[in-house]
Amino acid sequence: MIHDDRGDLSEEPGTLVGHLDSYAKDKPIHQIEIDIKSLIIEAYHYGSHELLYVIPFVAKVLESCAKSKVFKPPNPWTMGIMKVLCELHKEPDLKLNLKFEIEVLCKTLNIDINEVKPSGILKDQDRMLKIDSQLSPLPKHKEQQAIGPVNIQVPPQPALSNVVPPTPNPMANNVLHEESIPTLGSPPTTLSSGQIPPLCAAAPPQPHFAYGDINIGNTSQIAQHLNINNTLPLFQTHSQLKQFVRVAIERAVQEWLAPVVERSVKISLTTCEQIIKKDFALDPEEARMRASAHHMIRSLTAGMVMITCRDPLFVSIITNLRSAFLQAMRNPTAQQKELTEQAAEVVATENLELACCFIQKTAVEKALPEIDKRLASEYEARKHARSEGRRYCDPVALTYQAERMPEQIRLKVGGVTPQQMAVYEEFVRMIPGFLPSGEREQQQQANHGRSVAMMQPYATDEMSQIYDKLINELEILLHATNHSNPHIMALHSLLEAVMMARNTREMTAAVALLQKAVDGFLEGMSQAASDSDVSMRFRDGHLLVMKALADPRVYGHQWTSKQITRWLIESREECRYNPEAVDLLIRNHLINLQAYDLHLTQSMENGMNVVAVQFAMQLVKMYLLDERQTGLVSETDLYNTVETLGRITSNQRQLPDGLNQLLDMLRSTGEPFLDRAPGSGPIGMMYSGITQAREFDDPPGLYEKTEFLLREWVTMYHSPKAGKDSTNAFSLFVHQMNLQGILKTDELITRFFRLSTEMCVDLSYRVLMDQNLKSPTVIRAKCFHTLDAYVRLIALLVKHSGDNNNTVTKVNLLNKVLGIVTGVLLQDQELRGVEFQQLPYHRIFIMLFLELSAPEAVLEAINPQILTAFCNTLYYLRPQKAPGFAYAWLELVSHRVFLGRVLALSPAQKGWTMYAQLLVSLFKFLAPFLRNVELAAPIQLLYKGTLRVLLVLLHDFPEFLCDYHYGFCDVIAPNCIQMRNLILSAFPRNMRLPDPFTPNLKVDLLPEITQAPRILANFNNLIQPPSFKKDLDSYIKTRAPVTFLSELRTSLQVSNEPGMRYNIPLINALVLYVGTQAIQYIQNKGNTPNMSTITHSSHMDIFQNLAVDSDTEGRYLFLNAIANQLRYPNSHTHYFSCTLLYLFAEANTEAIQEQITRVLLERLIVNRPHPWGLLITFIELIKNQNFKFWNHEFVRCAPEIEKLFESVARSCMHPKPSSELTAS
């Protein structure tokens, strides 16, 4: 036989003998060829090295006996060999992997190892002398060890006190029994039949998974990490076979999970317990002891599992795959069988590490609570000593250390030293089979300097305070609760995990705590609690933990939300699609909406996954329709989800109930400029750019390449030789980009732009924070030096990408870059909070827009797409989404070049709709602040800026304000009188506005008064629900149902909270809709609206009911909706002016007349401009004797009020004698 240092090489001939010449075919192997029993005896006497390859060989041969009718147990020949193996198994110094090999063989042969009587021949020296040698001669350095029994020396159990202060590799200080755990580089052994090529035995492959990457909720969680090689010939010809991979691997894992975990945990616990007790015998801190125990048990258990299950798992996977593939192909040819073998081997090799990691983590998670149970008395002894005011110390250990240990390595009272703790700290970093802890973070720090802030905690004292506060809050929630309740038990377990994380302050502990909180929250929310109080405590406790970890002083929002989103996506279906749980996470800002949006899109499987589709519909309805006004989630946050739902309607014949109606409602209220056409590439590129801006796992060296290229470009850009528009420099730079491989793939180009943006921004931050620079001009010049060069590079790449006739490439690249800059901005804002700086982003956006607005043919061809891209970008960065960017955003929106391009030069006024949406988003952001009388200084500044923008629009683009007045007034807070007046005062530039102060002005004779204004708002669709709209139309036509008017107020009410009782958008839509219907009704009769033609109609019945039946708040909102239509001369202004005067004249109480007067007056007492329709209505009210305005009590209720009315009357009617004003 070949004498080889790698035991698993012996399995190849073992398999060959066992299958080709073998007992499986009921054919014996002649003893003259190989004497198996003698081979075992010879290997035993030679030493442990020989046993490493003989035992696997024998196991291979005997495995085939299980398939034989003749040689399967209780065949005497087979049982004779098994007795020898059982005797060997009882040897105390036998390697663990060999014991495991024998146990697995017994399981295969269906033999109970405890019932087999050992042969007693291994130590028989006479028998050894009689057998013929079958092994090749030993090397000379081993010859002296060849005779005599196996004698594996057990080194004395080391302790921390024996550790010499720090060594390059702390793991080299053996904390483990040599015979208990073979070195991780030693080969695993294979335990199955079939011609299975052995794994590389020299060392296990490099790990690819971090400990936190593996979710052990159930074996189905393996699927997300599966690696299926699509280039395999078998999968190219039979792609349907890929579906069997997951099942085969899960089955193999389930087969080996229980025995491997049980054995590994048992051995690791015993080892860890003894060493920890000895090393920490004089340490009074139970927290340090517990943390070290956890670190050690995690490493030991993972290592034990890795060396014992690797090969049997590999064989099981191959066997399962082969069986599944062949069964699916039914009658495979010889070539197909060969392809099957190849595919099974490749798939098993590529996914073996994943399966091992799953079993390893399962074992580790089981071992952690068990070690705490075993050490519980040690923890309590230390706590008890501290409560009595004394220092804990084990007197027996102290005596032993003082009497027997040299001074240099003696344990000291008071705790272990940092040098001794180095061993346990290495356990934290290196978990066998997993990526070293922190490796990914280190790579991110090298490639992305700002990610340090994301992953590293702030000062320890701040973190401790947050943890202590969290522990206190959880203890309050758990006070006086039933500990047997499952939800309360889960909270107790969570509290223990928080204490553990607080004491260790390790990233691994934080990850474990966060995963426990997320998994526990999702599981608990999917199970009904015993009562509402328990449910509330459970929910609040878990959310407290997640929000605490998201605190910038701990691990930050970005890292926390990313982890929570990942675990939500990986959870089981009942938890993943629980709307209540997901809603709570979203409302607490614990979900990364971009990643979750992509997950929902993939989950729906183009409509095939009905559960996911229904769930997505629920979320869209909840956030984008029912709670649209809150702005919690916008359509851009669920862009891909909405797009996928739209695609489902066009592809599916049988649609989920309500999907078409949902999308129709969404379109009626959605952002009109967001392109929803099928295959809308540019907007998709933008959103992918936003998402990719949060990726950090860059290829090695890319950061350095990008930094070098960016520095080179800045130098070339500012060089006199750069040429006109930097064209010469650009040609040279593109060549350098090619040399560095940046232009090879779209992914590398995307990463290049992301890294370049981050570098430019980081440079700007350094300049802005430089204490030596005092002059703002110098600071800007230093920042712009790099930023402007970078912008020019983007512009040149956009202009020169693709050929001149292919505009798609250029537009896609622009959208991708804008998406990346947007994503970097949002992430920067999250990380820096109040330290966020707008300057670099403002400069990039405005300079890029100016660069791309140059009068060049190549840019003019894509000008509409450029406008759309920038409008989409600005909408995504609206103040509600990026409040830290609000000032820069307003400056961009109001820039003269941007305004001119969007409102003056866009073809067919396509830019108007986009710009209107930008203004609506600004008004929505301001609305909650403007409801307060006293504005904070930052909001006051933003408000003044908004008024100035409206003044510019009123002067230069009045038609724009005319067309979109309804949508603007719909979102402006009711108390913003002047802002609303600016919008309502707009009139078309081609109209000559009649002087409202003209004596005896006949409004109904004006030529414009019969023409309807253009209103670019679909207010009809805002009248919801459909049943209410149906009843409204019916009442207008037939005055039925008769209960409509009595129920109208209830239909408009949404709550009982003062100031928020009514649905304001519905009231505005109702008033305008009924008014337009009334105008059409009057005109169809050949009349024009006036005080006589508007009366005695169903339309006026509705208005009078709203005026009479509404409370003060509802009536004010109703009258405001009417006043919003009093604008320049048109049919709407005329009708609503007559309506307001008619309601005043016909009012049954003075309260209604007083409120009508208030609505008009408050719009007139502010600074000009005042809407024309408002002026003529108020002038008619105070001049026309029929209304008896000056006779009403509210006009003279106080001297100052009377003077106010007289002052307004004079300004409206020109100065006249006071006697004329008071004549009535």
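In the predicted model, N110 is exposed, with a relative accessible area of 74%. The residue sits in the loop that connects α5 (96-108) and α6 (125-130). Its phi is near 60°, a positive value in a residue other than glycine. N606 also has a positive phi, of about 55°, although it is not a glycine. The loop that holds N606 runs between α24 (593-604) and α25 (610-626). With a relative accessibility of 45%, N606 counts as partly exposed. Most residues other than glycine have a negative phi, and most peptide bonds are trans.

Two cis peptide bonds can be described alongside these loop residues. The bond from A1040 to P1041 is cis, with omega near 5°. P1041 is placed in the loop between α44 (1026-1038) and α45 (1044-1052). The bond from R1168 to P1169 is likewise cis, with omega near 10°, and P1169 belongs to the loop between α50 and α51 (1172-1183).

The overall architecture is helical: the protein contains 53 helices and zero strands. Of its 1224 residues, 55% are buried. The accessible surface of the protein comes to about 54600 Å², and carbon and sulfur atoms account for 53% of that area. When contacts between residues at least 6 apart in sequence are considered, 77% join residues at least 24 apart.

Two helices illustrate the geometry of these elements. Helix α11 spans residues 334-374 and has 41 residues. From its first C-alpha to its last, α11 reaches 57 Å, close to the 60 Å expected at 1.5 Å a residue. A kink of about 45° is nevertheless present in α11, centred on N351. Helix α50 (residues 1150-1164) has 15 residues. Its reach between the first and last C-alpha is 21 Å, close to the expected 21 Å. Eleven of the 15 residues of α50 are buried, so this helix is largely enclosed by the rest of the structure. The buried positions include the nonpolar residues I1152, I1156, V1159, L1160, L1161 and L1164, and also Q1153, Q1155, T1157, E1162 and R1163.

Two of the buried residues of α50, T1157 and L1161, are in contact with F1205. F1205 lies in helix α52 (residues 1199-1213) and is buried, with a relative accessible area of 4%. Leaving aside neighbours within four places in sequence, the contacts of F1205 also include F1189, W1190, F1194 and V1195. F1205 and I1165 are separated by 40 residues in sequence, and their C-alpha atoms are 9.7 Å apart in space.

The largest nonpolar core comprises 124 residues. Within this core, the residues with the most contacts are F753, F885, Y915, L953, F960, F968 and M979. Helix α32 (residues 776-800) supplies the largest share of the core, 13 residues. At least three residues of the core come from each of domain 4 (685-852) and domain 5 (877-991). A second, separate core has 72 residues, among them L568, Y577, L585 and L645. In soluble globular proteins, nonpolar side chains tend to be buried together.

Contacts of individual residues give further detail. M979 touches F923, L926, L930, Y943, T946, L947, L950 and I972, not counting residues up to four places away in sequence. F885, one of the core residues with the most contacts, is touched by H842. H842 lies in helix α34 (residues 839-852) and is buried, with a relative accessible area of 17%. With residues up to four places away in sequence left out, H842 also touches A888, E891 and L892.

L954 occupies a position in helix α40 (residues 937-956). L954 is buried, with a relative accessible area of 18%. L954 and L984 are 30 residues apart in sequence, with a C-alpha to C-alpha distance of 9.5 Å. Apart from neighbours within four places in sequence, L954 is in contact with L961, L982, S985, A986 and P1169. P1169 is the residue that follows the cis bond from R1168, and the contact with L954 therefore involves the loop between α50 and α51.

Notes. Residues are numbered from 1 along each chain as its sequence is written. This is a predicted model: local features need pLDDT of at least 70, side-chain atom pairs count only at pLDDT 80 or more; totals for chains, interfaces and linings use all residues. Side-chain values use heavy atoms; hydrogens and water are left out. Helices (H or I, at least four residues) and strands (E, at least two) are DSSP runs, numbered from the N terminus. The expected span of a helix is 1.5 Å times one less than its number of residues. The bend at a residue is the angle between axes fitted to the seven residues ending there and the seven starting there. Buried means under 20% relative accessible area, exposed over 50%, partly exposed in between (1.4 Å probe, protein chains only). Contact means heavy atoms within 4.5 Å. Accessible areas come from the Shrake-Rupley method with a 1.4 Å probe; for residues, only the protein chains shown count as cover. A nonpolar core is a set of buried Ala, Val, Leu, Ile, Met, Phe, Trp, Tyr and Cys residues joined through side-chain atoms within 4.5 Å. Domain bounds come from an automatic or database domain assignment.
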